[in-house]
Amino acid sequence: MIEFQNFGTEDNDRYLSYLRRCAQIPSNLSPIITLGYRKNLKILRGYGENLCWHRFFIDDEEFWSAPVGDWDSVDWQDVFKKHVPPETVFFAVPEYLVEIWRRELGEKISVEDQRDNWDYLLDLKRLASLEGKQFKKFRNAKNAFEKNYKYEIEEITPKIFDELRAFQAVAEKNLQSRVENHRVEAQEDDENFLFALEHWDELKNLYGFVVRVDGKIVAYCLDEQIDKTYSIGLFAKANYDFKGANQFIYWYGAKIDSERGILTTNIMDDAGEENLRFFKEHLTSDMLKKYFVTTKS
């Protein structure tokens, strides 16, 4: 059986080397997400069969995450026989891996759609250009922000962390007042943001920028680079009193990322929040589908 243990930031480089081998990289397997949720979800990590594994708990119910590594090189029948107990529930398994398991494990598993956890994938060159009817409203909002406000862009560095925390506190309070049914998710997101700032130098692959108007932060974007062409958009907040600020940060982030060679940013799921789903569906052209997978007795 896999030996599951506690883990910390010192394991980040090793974990990233496994994550980069995945054919699809879902947001819930982001290094900062797995680290940030360790306490609340009691996440444990183990290595075996040239894969990295996670177990965690939601309301005392145990789940496993999709194993991380080169999925195409694994003898899944042998691995499941050795290491995966019957009635194990895998959470948010990417579609690519589900198809492999369906082919190799057949009736030994059952699969259930997990729509609220599907990830939205940004084509950065497409978003940076904002061409076409799909982006008309988005483009107008972005242009209005540029026209109406004298703004400045500043890279996120430790010297502005205190100011960024203060902005986050106000933005988070406003967000939670708007998402009555998703306050727990909003609070967890806030805790992970603060964790990211606290461990910024240890993690090494975080980057982002703030937008200032009259010297004050009105929006920020913070991403996690996974490899040379793929990033995960972990956190983004805007002061909605500044019309178009939210659209501007997504557009500007796409512009600078595409210039540095990143092709795709995973902007995570919508957690079933209606307004967020509407926004992300009209922003992206592709999705990373994920599923519950349960092993049968």
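Me: How many helices and strands does the protein have?
Reply: Happy to start there. Helices (H or I, at least four residues) and strands (E, at least two) are DSSP runs, numbered from the N terminus. This is a predicted model, in which local features need pLDDT of at least 70, side-chain atom pairs count only at pLDDT 80 or more, and totals for chains, interfaces and linings use all residues. Residues are numbered from 1 along each chain as its sequence is written, and side-chain values use heavy atoms, with hydrogens and water left out. On that basis the protein has 12 helices and 14 strands.

Me: What is the radius of gyration of the protein, and what would a compact globule have?
Reply: The radius is taken over C-alpha atoms, and the globule rule is 2.2 Å times the number of residues to the power 0.38. For 297 residues that rule gives a value near 19 Å, which agrees with the protein's own 20 Å.

Me: What share of the residues is buried?
Reply: Buried means under 20% relative accessible area, exposed over 50%, and partly exposed in between (1.4 Å probe, protein chains only). Of the 297 residues in the protein, the buried ones make up 53%.

Me: Among contacts between residues at least 6 apart in sequence, what share joins residues at least 24 apart?
Reply: A contact here means heavy atoms within 4.5 Å. Among the contacts between residues at least 6 apart, the share joining residues at least 24 apart is 73%.

Me: How many salt bridges does a search of the whole structure find?
Reply: Side chains of opposite charge can pair when their charged atoms come close. The cut-off used is a side-chain nitrogen of Lys or Arg within 4 Å of a carboxyl oxygen of Asp or Glu. With it, the search of the whole structure finds 17.

Me: Which residue forms a salt bridge with Glu62?
Reply: Glu62 counts as partly exposed because its relative accessibility is 34%. Its partner is partly exposed too, with a relative accessible area of 22%. The closest N and O atoms are 3.3 Å apart, and the partner is Arg55.

Me: Why are Asp78 and Lys82 separated by about one helical turn?
Reply: These side chains meet in a salt bridge at 3.2 Å, N to O. Asp78 is partly exposed at 29% relative accessibility, and Lys82 is partly exposed at 43%. They are about one helical turn apart because they lie four residues apart in helix α4 (residues 76-83).

Me: Which residue meets Arg115 in a salt bridge?
Reply: Arg115 counts as buried at 19% relative accessibility, and its partner is buried at 1%. The N to O distance is 3.7 Å, and the partner is Asp270. The pair links distant parts of the chain, with Arg115 in the loop between β6 (109-113) and β7 (119-123) and Asp270 in the loop between β12 (264-266) and α12 (274-281), so the separation along the chain is 155 residues.

Me: Which residues are linked with Arg115 in a network of salt bridges?
Reply: Asp270, already met as the partner of Arg115, belongs to this network. Linked with Arg115 are Asp116, Asp270, Arg277 and Glu281.

Me: Is Met268 buried or exposed?
Reply: Met268 sits in the loop between β12 and α12. Its phi is near 70 degrees, a positive value in a residue other than glycine. With a relative accessible area of 15%, Met268 is buried.
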